[in-house]
Structure formats: C-alpha cells, structure tokens
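The following exercises ask the reader to derive selected features of a model from its coordinates. Each task is followed by a solution in steps.

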Amino acid sequence: MKVTEHIKAAKSTLFSIEILPPLKGKSIQSIYDGIDPLMEFKPAFIDVTYHREEYVYRKRDGGFLEKIAIRKRPGTVGISAAILNKYQIDTVPHIICGGFSKEETENALIELTFHGIDNVLAIRGDSIKTESSFTPEPDGHPYAIDLVKQVVKMNKGIYLDDELLDASPTNFCIGVAGYPEKHFEAPNLKSDLNHLKAKIDAGADYIVTQMFFDNEKYFDFVDKCRANGITVPIIPGIKVLTTRKQASVLSKTFHIDIPEAFLDEIEKCKTDKEVKEAGIKWCIHQSLELKKKHVPCLHYYTMGTSDSTKRVAEKVF
C-alpha cells in the first residue's frame, strides 16, 4: 500500500518511524528490537535510510596510502523486504544519488519491485566528508529531481535500455524531502521552495520534512508550500532530543535551530538523564500540537532506538 493511500484512508493522524540499517557486521535483530516496542502504535509505514560509501586511506608497506571504500550501513533493500515480510508493514527505502550510477539505481528499483515494495524516498544524500561539495558518480544523478524523473519513467515502463520490449512498469509512490528551515545549500527559502516545487511537478507524491523543534517553522513552511502551488501531503519529521551534546550536534549537522525556550530547559538539566526527560516532554508537546492541527502523519526519527519514541507515542496516540 502506498504512503499516499495510507494518508487518504486515515481517519486521524498516522504514526510512522524511520530507522537506520545496522553497522556492517551487525545482525538485523537490532532492527527488530527497535521496532517491536512500537508495534502497539500501529506504524503505517517504516522508512529505512541509506548510507553511501565513504573512503579512508590506510598506510601500507613502503609508506604508500591505499584508498579503501567503506560501507558503514549496508542492507537497506534487504531490511525493507525483511520488515515487510515479518510485520506486514509497508516500508519506504531511501534511494540516493551519492554512490549510484543510473543503472545501479534502476537495478535497485527493480529489486524493490520484486520484493513487493511500492514506496521510495528520493533524496540526493550528503557529500562524502572529504569532499567540499557533493559530487555524483560517473553516469550518476547530481540532484534528487533526477532520481524522481527516473522513477517516474520506470513507472511508465521506460527503462534505460530503450530497446526493451514490453517492459513492465513499476508502481512506486515517490516521497521527497522538504526543509522547513531551508536546505543549507540553498541561498534562501524561496529558492529552496522552487526546487521542491520542481520535484513535485516532476512526479513526487508527498513530502517528509527534515527534523525541526519549532512547530511554527513547520506551519509557516506548509503555508509557503501551499502558496507556491504545492498540494501534496507534507509529513512533519520530528525527533526526541536525548543528550546535551545532541543540541549542538543536531544543529550543526542538520542546520536547524533549537528554540530558546527548549534550550533554556536543557541548560537547567544537570545530567543527560534530565535532558532526555526534557526532550521527551518537548516532543510530546510538539506532537500534540501538530496532531491538533490534523497533520497527515507524525514521522519519528528513532535513530535505531525506541524507548524515547515509545514514551512520546504513549501520550500522543
């Protein structure tokens, strides 16, 4: 079932989560352990992120440096299929530009179709840490809109090999990312909204936002999207802040603001245990306010753990 079909059929705000694949060498049991405690809230769908290859240089005999590729969290396709099979819950695997050629993207989409998965979230992905800016793979996509266009073509039965006869069309519902506080590379929010509108016009079906801690930024973002002719569902993405360090790390990594009132509460805390309680309380407040405004779904970035999200969901759903 497609994300948009879940939203259309829902009588109230849906609950969904996003998980990280385990580190290479770890088992999928850690994924199940993070999902099991949240099953009572009946997640409509589960997003599975994808982390691209990164590179390290290791010194070898003779002083030579060898460039070695590292995939920190492989398994998005397999995990998505396993979750669908085990829980009968729709999954939304992320597909990214970084690290993929167009053909590799096509093959991944074919594999997802074979597994019965009909949702994807198309995002550009981050640049490698050693790069000053994002660099696509040879014959890869530079922007998320290019991914959207490729999926749309496959949904029409158009593959890279134009000599294929009677190619079966895929049937993907396509999600894209939105940034209430604008993407950090965009010169301003208006420019960012124009790029978002282009992705919707290219065929994307819904938007899920970057995490935020100030609901007013989300409400303002939705208003601006509607004024810009964007009519698709806009799902708010939120997260429980659980440590003092996260307040600065999340701000730096995701280029988001921490509201003054929330930061004041964090600074009153003497331990991370107290910070976690403050974070849960803030997230409950956020969630209830968003739900009162009849948002289509509350999408929680669990980062692989469920305790904090469970405590929030107990008060909201």
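**Exercise 1. Determine how S1 and S2 pair, and what connects them.**

Step 1. Strand S1 and strand S2 (residues 45-48) pair in the parallel sense over three bridges; two strands pair if DSSP finds at least two bridges between them. Helices (H or I, at least four residues) and strands (E, at least two) are DSSP runs, numbered from the N terminus. The model is predicted: local features need pLDDT of at least 70 and side-chain atom pairs count only at pLDDT 80 or more, while totals for chains, interfaces and linings use all residues. Residues are numbered from 1 along each chain as its sequence is written, and side-chain values use heavy atoms, with hydrogens and water left out.

Step 2. Within S2, Val48 is the bridge partner of Ile19.

Step 3. Together with helix H2 (residues 29-35), S1 and S2 make a right-handed β-α-β unit. Right-handed means that, with the strands pointing away from the viewer, the path from the first strand over the helix to the second runs clockwise.

**Exercise 2. Place S1 in the sheet and classify its residues as buried or exposed.**

Step 1. The open sheet consists of nine strands in the order S9-S8-S7-S6-S5-S2-S1-S11-S10, with parallel pairing. S9 (234-235) and S10 (237-238) stand at the edges with a single partner strand each, so one side of each has no neighbour in the sheet.

Step 2. S1 is joined to S11 (residues 297-301) by five bridges, and these strands run parallel. The bridge partner of Phe15 in S11 is Leu298. On the S2 side, S2 pairs with S5 (residues 90-96) in the parallel sense over four bridges, and Ile46 stands opposite Thr91 in S5.

Step 3. Buried means under 20% relative accessible area, exposed over 50%, and partly exposed in between (1.4 Å probe, protein chains only). Six of the six residues of S1 (residues 14-19) are buried, so S1 is largely enclosed by the rest of the structure.

Step 4. In a regular strand the side chains alternate between the two faces of the sheet. Leu14, Ser16 and Glu18 point one way from S1, whereas Phe15, Ile17 and Ile19 point the other way.

**Exercise 3. Identify what Thr302 contacts, and where Thr302 lies.**

Step 1. Thr302 is located in the loop between S11 and H11. Helix H11 (residues 307-316) lies across S1 and S11, running at about 160° to S11; axes are lines fitted to C-alpha atoms, for helices over the stretch in contact, and angles run from 0 to 180 degrees between N-to-C directions.

Step 2. With a relative accessibility of 5%, Thr302 counts as buried.

Step 3. Contact means heavy atoms within 4.5 Å. Leaving aside neighbours within four places in sequence, Thr302 is in contact with Ile17, Glu18, Ile19, Leu38 and Thr309.

**Exercise 4. Characterise the salt bridges of Lys276 and Glu314.**

Step 1. A salt bridge is a side-chain nitrogen of Lys or Arg within 4 Å of a carboxyl oxygen of Asp or Glu. By this rule the count comes to ten salt bridges.

Step 2. Lys276 pairs with Asp307, their closest N and O atoms being 2.6 Å apart. This pair links distant parts of the chain, with Lys276 in helix H10 and Asp307 in helix H11, 31 residues apart.

Step 3. Glu314 forms a salt bridge with Lys310, where the closest N and O atoms are 3.7 Å apart. Both residues lie in H11, four residues apart, about one turn of the helix. Salt bridges that share partners join Glu40, Lys310 and Glu314 into one network.
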